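Hi,

Here is the structure I said I'd pass along. Have a look at it first, and my notes are underneath.

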Amino acid sequence: FFLMRRRPPRSTQSRSSAASDVYKRQVHGDINMRILLIRHGESTNNILLDLSRQAYEKARQADPGITELGILQSIRVAEYIKNKGWNVLRIYCSPLLRGCLTAQHMQLSLIHI
């Protein structure tokens with residue numbers, strides 16, 4: 001999934017920040033927008049793969065949820081975004097459960113931080 005955020009125009013710097021390499025910049029009129037691409041939190045399949053390849057192949061789910069660590073990762077990303085002072089306009093995610101759950105926890109965290 002990805003987040004869209006709006007920020008004020010950059011001051012007259014000759015170079016862009018290192019952080020600007022992380023996301024794609026789009027300019028629409030006088031609005032400067034950045035799109036953040038963020039991977040889903042740790043899925044339950046990731047745990048299986050850490051155990052063994054055999055466990056992964058036996059119990060793998062087609063549409064897994066996220067673990068407690070995945071929830072914590074979602075909250076930490078939201079805290080990072082909030083600490084940067086970025087204004088999130090929209091959150092888009094894949095229809096897969098792990099993407100939806102990650103987006104949901106990020107959204108709740110952004111509201112309550």
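Below is what turned up, covering the core, the cysteines and one serine.

One thing to keep in mind while you read: this is a predicted model.

Let's start with the inside. The largest nonpolar core has 7 residues: Leu 36, Ile 38, Ala 78, Ile 81, Trp 86, Met 106 and Leu 110. Two elements each give two or more residues to this core, namely helix 3 (68-83) and helix 4 (97-112). That fits a general pattern: in soluble globular proteins, nonpolar side chains tend to be buried together. If you want a residue to click on, try Leu 110. Setting aside neighbours within four places in sequence, Leu 110 contacts Ala 78, Ile 81, Lys 82, Val 88 and Ile 91.

Now the cysteines. How many disulfides does a search of the whole structure find? The count is 0. For Cys 93, the nearest cysteine sulfur belongs to Cys 100, 3.9 Å away. Cys 100 isn't bonded to Cys 93 because 3.9 Å between the sulfurs is too far for a bond; the cut-off for a disulfide is within 2.5 Å. Both cysteines count as partly exposed, Cys 93 at 35% relative accessibility and Cys 100 at 31%.

Last, a serine. Ser 43 sits in the loop between strand 3 (31-37) and helix 1 (44-51). Is Ser 43 buried or exposed? With 4% relative accessibility, Ser 43 counts as buried. Leaving out residues up to four places away in sequence, Ser 43 touches Pro 64, Gly 65, Ile 66, Thr 67 and Arg 98.

Cheers

Methods:
Residues are numbered from 1 along each chain as its sequence is written. This is a predicted model: local features need pLDDT of at least 70, side-chain atom pairs count only at pLDDT 80 or more; totals for chains, interfaces and linings use all residues. Side-chain values use heavy atoms; hydrogens and water are left out. A nonpolar core is a set of buried Ala, Val, Leu, Ile, Met, Phe, Trp, Tyr and Cys residues joined through side-chain atoms within 4.5 Å. Buried means under 20% relative accessible area, exposed over 50%, partly exposed in between (1.4 Å probe, protein chains only). Helices (H or I, at least four residues) and strands (E, at least two) are DSSP runs, numbered from the N terminus. Contact means heavy atoms within 4.5 Å.
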